[in-house]
Amino acid sequence: MTDSTTGDMTGSTTTVLAEPLTLPCGAVLANRIAKAGMSEQLATRAGIPTVGLRRLYATWARSGAGLLITGNVMINRDGLVEPRNAILDNTRTLPAFTGWADAAHAKGTAVWMQINHPGRVATVPFTRRPVAPSATREPVPGYNLRTPRELTAQRIQALIRDFARTAELAVAAGFDGIQIHAAHGFLLSQFLSPLANTRDDHYGRTPAGRRRALLETVTAVREAVGPAVPVSVKLNSKDFQYGGLSETESLDVAAALADAGIDLLEITGGNYAEPAMEGVHHTRHQGPYFADYATKVRQRINVPLMLTGGLRTRPTMERLVTEGAIDLVGIARPMAFVPDYPAHILTGEPEPLLPMALGPTGYRPLDGYVQLAAHNHQFHRIATGHTPQTRAGLGTVLMAVGKLTTAAAGQAVLPRSRS
Ligand SMILES: Cc1cc2nc3c(=O)[nH]c(=O)nc-3n(C[C@H](O)[C@H](O)[C@H](O)COP(=O)(O)O)c2cc1C
C-alpha cells in the first residue's frame, strides 16, 4: 500500500518523522515525535520524585520519541494541580530531580520539564483559598465551592520569579529544556481568559494586559536559563468557552510569544469545564483536534510548532509535517497504554490498538476526568513494574477515579518546607 503523502510504502522505515529538528536556540531534537506532558502523580506528598517516577521515564526513554516533556511540575507550594505532583522550589530536593532526568536520558532522548501553577483550580488544604487573576470561581463542581483570592501585582511578579527559579533549578538538575504551561485553564491560561481575568490593572483589561503575565514569565525564564536552552510554551488555540480566550486573541498571543523568542509553541485547547484537549468535542475517531489553528498560526509566525491532540496515525502525522503545518507531533494518551508508540510509528508498523476509556457520558467535565484517571492508572502500573492494561473498562475507571480521589483527600495538607 502506498502512502499518498510521501510515496513511501506503508511499513517503510523512511519517514519525514525520523528527521531531526533544529530549534532557534540551536538545540537539536532527534526526530519529529514528542511525548506531550501528562501529569504522573508519582512524587511524594512533599513533591519529591520517587523511584516509580524514574521507572516510568526509564520506560519512556526507550519509546522512540525524540523529546519527552514531563507532566506539570509545580513552581511552589501555593497548591497542586493534582495530588502527588512534583514540586521544584529548592535546591535540597535537586538530587531526586537529577535522578528523574537521568532515568529519562537513558537512550539520549531530550527531556524538558513542564512548569506550572494551578491558580484557581488548585488542590489546596480546606482551610486555604487558591489564588487567581480575579476572584472568579471555576465553573466546575468542586472548584466552584471556593472563591479564589485576587493576586496583587506584587504577588504576580513574585510568581513570575518562582517560574524562573524552577526553570533554573530544572536545568541545574539536568533537564534539557523548559515548557511553560499556559493552557488548559491553569494560572497563566486564566490570565489569558477574559472570563477568568476581569482585572482592571495592567495585568488585565485589554488583550495586551491579559497576556502580560505570560510574556513576563517567558522573559524571566529565558533570563534564568540563558539563550542556549529551549524554552517552549503550551497554548490554547481557544478555550472552547463563550467569552473565554478566542482563536483571534490566541493568534495574537502566539505572535507576541514569537517576538519574545520562544523555541517551540505547543498547540492545544480547552480546560476543566470544556476539556477539548481530551477530544470531548470530537467523535471517537476524529483527529487531530487543533490542526486548523496550526495552519493559521503557521501563516503568522516563524516558530517551530508542535501539535498535540488526537494524533494517532503515521499518514496523518507525515502529512502535517510534510505540508509544513507543524514541525513536531505531540502524542500523549497512547504512551500510557503503549509506552513505545512512537517506535511503532517510526518503523511503519500498523498503529497499535488502543483501549478506549469508556464512552462519553455527555457531561464533558466528567468525560475529561475519566480520561485522566484511566490513563494515569497505567502510569502507576508501569511505575510499580507492571505492564499497562490491554482493556480499560468500567472497573478500571472506577478504581482509577477512586484512587485519585483518595489521593486528593490524603493531600489535604500541603507540606510547606522550603530551603
Ligand atoms: C493522564 C493525563 C495527564 C495530563 N497531564 C497534562 C499535564 O500535566 N500537562 C499538559 O500540558 N497536558 C496534560 N495532559 C494533556 C495531554 O498533554 C494532551 O494535551 C492531551 O491528552 C491530548 O493529546 P492526546 O490525544 O495525544 O492524548 C494530560 C493528559 C492525560 C490523559
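# A tour of the model, starting at histidine 184

Select histidine 184: with 26 C-beta neighbours inside 10 Å, it counts as buried, because 20 or more is enough for that label. Keep in mind as you click around that this is a predicted model. You'll find histidine 184 in the loop between strand 9 and helix 4. Check its backbone too: phi of histidine 184 is near 60°, a positive value in a residue other than glycine. That deserves a second look, since most residues other than glycine have a negative phi.

**Next: arginine 84**

Now pick arginine 84, which sits in the loop between strand 5 and helix 2. What is the sign of phi at arginine 84? Positive again: the value is near 65°, and this residue isn't a glycine either. Arginine 84 is buried, with 23 other C-beta atoms within 10 Å.

**Follow the chain into helix 2**

Select helix 2, residues 94-104. Colour its buried residues: Ala96, Phe97, Trp100, Ala101, Ala103 and Ala104. Why do they end up on the same side of helix 2? Because they cover an arc of only 160° around the axis. The general background is that an α-helix has 3.6 residues a turn, so residues three or four places apart point the same way. Show the surroundings as well, and you'll see the buried residues of helix 2 packing against helix 1 (51-60), strand 4 (67-69), strand 6 and helix 3.

**On to helix 3**

Select residues 153-173 to light up helix 3. Try the distance tool on its end C-alpha atoms: they are 30 Å apart, which agrees with the 30 Å that 21 residues should span at 1.5 Å a residue. Helix 3 has a list of buried residues that includes Ile156, Leu159, Asp162, Phe163, Leu169 and Ala173. Among the elements covering these buried residues are strand 5 (73-74), helix 2, strand 6 (110-116), strand 9 (177-182) and helix 6 (212-225). Just past the end of helix 3 comes glycine 174, with a positive phi near 115°.

**Zoom in on phenylalanine 163**

Which residues does phenylalanine 163 contact, leaving aside its neighbours within four places in sequence? They are Ile75, Ile115, Ile180, Thr217, Ala220 and Val221. Phe163 also belongs to the largest nonpolar core, which has 114 residues. Along with Ile178, Val221, Leu265, Leu307 and Val329, it is among the residues with the most contacts inside that core. Helix 3 gives the largest share of this core, nine residues. In soluble globular proteins, nonpolar side chains tend to be buried together. There's also a second, separate core of seven residues, including Val370, Leu372, Ala392 and Ala400.

**A loop stop: leucine 195**

Jump to leucine 195, in the loop between helix 4 (187-192) and helix 5 (207-210). Is leucine 195 buried or partly exposed? It counts as partly exposed, because it has 19 other C-beta atoms within 10 Å and buried takes 20 or more. Not counting residues up to four places away in sequence, leucine 195 touches Gln241, Gly243 and Gly244. Add arginine 137 to your selection: it is 58 residues from leucine 195 along the chain, yet their C-alpha atoms are separated by 9.9 Å.

**Last stop: the ligand**

Finally, select the ligand and the 23 residues around it. Ala36, Gly37, Ser39, Ala332 and Arg333 come nearest. Colour the shell by type and you get seven nonpolar residues, 13 polar and three charged. Helix 12 (residues 364-383) supplies the largest share of the shell, four residues.

Methods:
Residues numbered from 1 in each chain as written. Predicted model: local features only at pLDDT ≥ 70, side-chain atom pairs only at ≥ 80, totals over all residues. Near = placed C-beta within 6 Å. Helix = DSSP H or I, 4+ residues; strand = E, 2+ residues; numbered from the N terminus. Nonpolar A, V, L, I, M, F, W, Y, C, P; charged D, E, K, R; others polar. Expected span 1.5 Å × (residues − 1). Buried ≥ 20, exposed ≤ 12 C-beta atoms within 10 Å, placed from the backbone. Contact = placed C-beta atoms within 7 Å. Core = buried A, V, L, I, M, F, W, Y, C linked by C-beta atoms within 7 Å. Arc of directions from axis to C-beta.
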